[in-house]
Amino acid sequence: VLHTTRPLHTTQQSLAPVPPLPEKGGEVRHGLIPEEFFQFLYPKTGVTGPYMLGTGLLLYLLSKEIYVVNHETAAAACILTVIVYAIKKLGPEVAAFADKLNEEKVATAVAMKDEAIQTLQTAIEEEKKEQWRAEGRSYLFDAKRNNVAMLLETNYRERLLMVYSEVKKRLDYQVAMQTLKRQKEQDHMIQWVEKSVVQSITPQQQKESIAKCIVDLKALSKGAHAAV
Amino acid sequence: LPSAVLLKDMKLMDVKLGQLGSWLAMRDFTPGGIMGAIRRGHSRYYNKYINVRKGGLGGLSMVLAGYIVLSYMWSYSHI
């Protein structure tokens, strides 16, 4: 049963951004006792209080044989000496090495984050550019409209030309027909006239005309001889 | 006027010495409760001493010292 009156998502709790890791851990004195213990005893006993407590406790344990001194004690003493000496000598180097490893890990993570942010930035730039480009739509449509208008105009003119040529062809045909007819009439008339003239020339008239032509030619040749 | 806090909700440091017995009796001793207590304690220690940028030796050495003391206490009768 979901209580519909229960308010949801009222807090600001969210998983990101994660708070950064604390720089240093809790303070520990002598590697064994946390600092809070010293602070806890400071108001009542001052600075030397915890050390006095430690000494008294140690003496109590030894005297009451709660801590038994045997061969293991000697071994523990030697081992602890060596360990403390090693830590004092090599501690900073190991710490620097570990810090370097950590730094590398953090650096790779930060590099990835920066790269992601960079890619997102470039994506934003590209998006803005695309938006700017989309604003040029009106120019594109104007050009297309011009294209279409030009096509229509071209088509219209082509058809106009076709109409003109067709009409001219028909008119030329009519004109050619008329000239042909007139020519044929002329030719026929000429032929008919020639034929009738030739028919009307009787043989006797032909002889007379030939004789006359010969006389004329002789006269002409005489004239030409004289000129030469 | 601070609101009265129930005994079972108080932290250990705020419990008075006389109330210690009743406070201890009121804690959650079911398996789930014990697991929760172990988890809380572990995460408190882990986030304070180990899960930091420049962790020191103290975080690990305190655990080892505690282990040494505990094993000495368990094996005391053999000595």
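**Aromatic pairs and the A–B contact**

I'll start with one residue: Tyr51(A) is partly exposed, at a relative accessible area of 35%. Keep in mind that this is a predicted model.

Tyr51(A) has a ring partner, Phe38(A), and the two make a tilted aromatic pair, with 5.6 Å from centre to centre and 55° between the planes. Phe38(A) sits in helix α1 of chain A and Tyr51(A) in helix α2, residues 49-63, so the pair links distant parts of the chain, 13 residues apart. Unlike its partner, Phe38(A) is buried, with a relative accessible area of 6%, because buried means under 20%. Phe37(A) joins these two residues in one aromatic cluster.

Now a pair that crosses between chains. Tyr67(A), in the loop between α2 and α3 of chain A, meets Tyr72(B), in helix α3 of chain B, residues 58-74. Their ring centres are 5.6 Å apart and the planes stand at 40°, so this pair is tilted. How accessible is each of these tyrosines? Tyr67(A) is partly exposed, with a relative accessible area of 30%, and Tyr72(B) is also partly exposed, with 23%. Over all chains, the count is 5 aromatic pairs.

That brings me to the contact between the chains. Chain A puts 22 residues into the contact, and chain B puts in 15 residues. The area buried between chain A and chain B is about 1600 Å², and carbon and sulfur atoms give 57% of that. Which residues of chain A lose the most area to chain B? They are Leu21(A), Glu23(A) and Leu32(A), and together they account for 26% of what that side buries.

On the polar side, there are 3 salt bridges between chain A and chain B. One of them joins Glu36(A) to Lys48(B), where the closest N and O atoms are 2.6 Å apart. Between the two chains, 10 residue pairs are in polar contact, counting those with both residues at pLDDT 80 or more.

As for where the side of chain A that touches chain B comes from, α1, residues 35-45, and α3, residues 71-134, each supply at least two residues. The largest share is from α3(A), with 3 residues. Sorted by class, the side of chain A that touches chain B has 11 nonpolar, 5 polar and 6 charged residues.

To go back to the opening residue: Tyr51(A), partly exposed, is tilted against Phe38(A), which is buried.

Conventions:
Residues are numbered from 1 along each chain as its sequence is written. Chains are lettered from A and ligands numbered from 1 in the order in which they are written. This is a predicted model: local features need pLDDT of at least 70, side-chain atom pairs count only at pLDDT 80 or more; totals for chains, interfaces and linings use all residues. Side-chain values use heavy atoms; hydrogens and water are left out. Contact means heavy atoms within 4.5 Å. Buried area is the accessible area (1.4 Å probe) that two parts lose on being put together, summed over both. A salt bridge is a side-chain nitrogen of Lys or Arg within 4 Å of a carboxyl oxygen of Asp or Glu. A polar contact is a pair of N or O atoms within 3.5 Å; within protein, one must be able to donate a hydrogen and the other to accept it, and residues adjacent in sequence count only if both atoms are side-chain atoms. Helices (H or I, at least four residues) and strands (E, at least two) are DSSP runs, numbered from the N terminus. Ala, Val, Leu, Ile, Met, Phe, Trp, Tyr, Cys and Pro count as nonpolar, Asp, Glu, Lys and Arg as charged, and the others, Gly among them, as polar. Rings of Phe, Tyr and Trp (its six-membered ring) pair if their centres lie within 6.5 Å; planes under 30 degrees apart count as stacked, over 60 as edge-to-face and the rest as tilted. Buried means under 20% relative accessible area, exposed over 50%, partly exposed in between (1.4 Å probe, protein chains only).
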